[in-house]
Amino acid sequence: MQQTPFHLSLPCVSVSATKAFYTETLGASLGRMSTQWVDINLFGNQITFTKSGDFSFHYKSYKFEEAVLPAFHFGVLVSDTQWNGLLEKLKGMSLELPVNTLFLQGRTGAHRSFFVEDPNGYMVEFKHFLDPQQTFLAD
């Protein structure tokens with residue numbers, strides 16, 4: 001299957017707070033927008049946030065190796081340089097980064113991940129595979 005950017009549409013409480021988080025905090029670029037929705041370019045992927053008012057997600061978690069991870073999340077695969085740069089930027093902002101670890105060390109699919117929560121309560125994962133050729137390989 002050819003690699004192509006993805007599109008994801010999610011509800012949000014505040015278009016302006018969501019826009020600020022993704023563009024100013026994470027450094028993503030802004031796409032089209034109105035007072036009711038905003039398109040964000042996150043590493044070449046289009047995420048559309050649509051103002052919906054209050055909504056609720058109950059985060060269930062699961063254990064992967066020794067870490068407890070949010071079951072409901074989305075993320076992007078980034079290079080080592082992008083991963084380290086964004087992690088350092090976010091650490092400097094004193095944001096809570098629930099998971100920052102190396103998974104599957106010494107095994108197929110070894111990767112480093114961290115999560116950050118956006119203003120809507122979504123958990124966004126940034127993942128870097130030590131060997132990008134192993135992204136979809138099974139052990």
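Which residue is the bridge partner of F115 in β10? It is E125, and that pairing is a handy way into this structure. The model is a predicted one, in which local features need pLDDT of at least 70 and side-chain atom pairs count only at pLDDT 80 or more, whereas totals for chains, interfaces and linings use all residues. Residues are numbered from 1 along each chain as its sequence is written, and side-chain values use heavy atoms, with hydrogens and water left out.

Starting with the overall layout, the chain holds two helices and 10 strands. These elements are DSSP runs numbered from the N terminus, helices being H or I over at least four residues and strands being E over at least two. Followed along the sequence, they come in the pattern β-α-β-β-β-β-β-β-α-β-β-β. The radius of gyration is 15 Å, close to the 14 Å that the globule rule gives for 139 residues, so the chain is as compact as a globular protein of that length. Here the radius is taken over C-alpha atoms, and the rule is 2.2 Å times the number of residues to the power 0.38. Along its principal axes, the C-alpha trace spans about 50 × 30 × 30 Å.

As for packing, 36% of the 139 residues are buried, where buried means under 20% relative accessible area, exposed over 50%, and partly exposed in between (1.4 Å probe, protein chains only). The accessible surface of the chain comes to about 8,200 Å², and carbon and sulfur atoms own 52% of that; such areas come from the Shrake-Rupley method with a 1.4 Å probe, and for residues only the protein chains shown count as cover. Contacts (heavy atoms within 4.5 Å) reach well along the chain: of those with a separation of 6 or more, 55% are between residues 24 or more positions apart.

One open sheet has four strands in the order β1-β4-β3-β2, with mixed pairing; two strands pair if DSSP finds at least two bridges between them. β1 (7-12) and β2 (29-33) sit at the edges with a single partner strand each, so one side of each is left without a neighbour in the sheet. From one strand to the next, the twist averages 25°. Angles like this run from 0 to 180 degrees between N-to-C directions, with axes fitted as lines to C-alpha atoms, for helices over the stretch in contact. Six bridges tie β1 to β4 (residues 45-51) in the parallel sense, and L8 stands opposite I47 in β4. Helix α1 (residues 15-25) packs on this sheet, touching β1, β2, β3 (37-42) and β4, and its direction makes about 10° with that of β3. In the loop between β3 and β4 lies F43, a residue other than glycine with a positive phi near 55°. F43 counts as partly exposed, at 35% relative accessibility.

Another open sheet of four strands runs β7-β10-β9-β8, again with mixed pairing. Its edge strands, β7 (73-77) and β8 (100-103), each pair on one side only, and the twist averages 25° from one strand to the next. The F115 and E125 partners belong to this sheet's β9 (residues 111-117) and β10 (residues 123-129), which run antiparallel and are joined by seven bridges. Helix α2 (residues 80-91) lies across β8, β9 and β10, running at about 35° to β9. The loop between β8 and β9 holds L104, which is not a glycine but has a positive phi of about 55°. L104 is buried, with a relative accessible area of 14%.

Now for the aromatic side chains. Seven aromatic pairs turn up across the whole structure. Rings of Phe, Tyr and Trp (its six-membered ring) pair if their centres lie within 6.5 Å, with planes under 30 degrees apart counted as stacked, over 60 as edge-to-face and the rest as tilted. One of these pairs is F74 with Y122, edge-to-face at 6.4 Å centre to centre and 70° between the planes. This pair links distant parts of the chain, as F74 is in strand β7 and Y122, 48 residues apart from it, is in the loop between β9 and β10. F74 and Y122 are both buried. W83 and F114 also form an edge-to-face pair, at 5.4 Å centre to centre with 65° between the planes. Here W83 in helix α2 meets F114 in strand β9, 31 residues apart, and both are buried. Finally, F21, Y22, F49, F74 and Y122 form one aromatic cluster.
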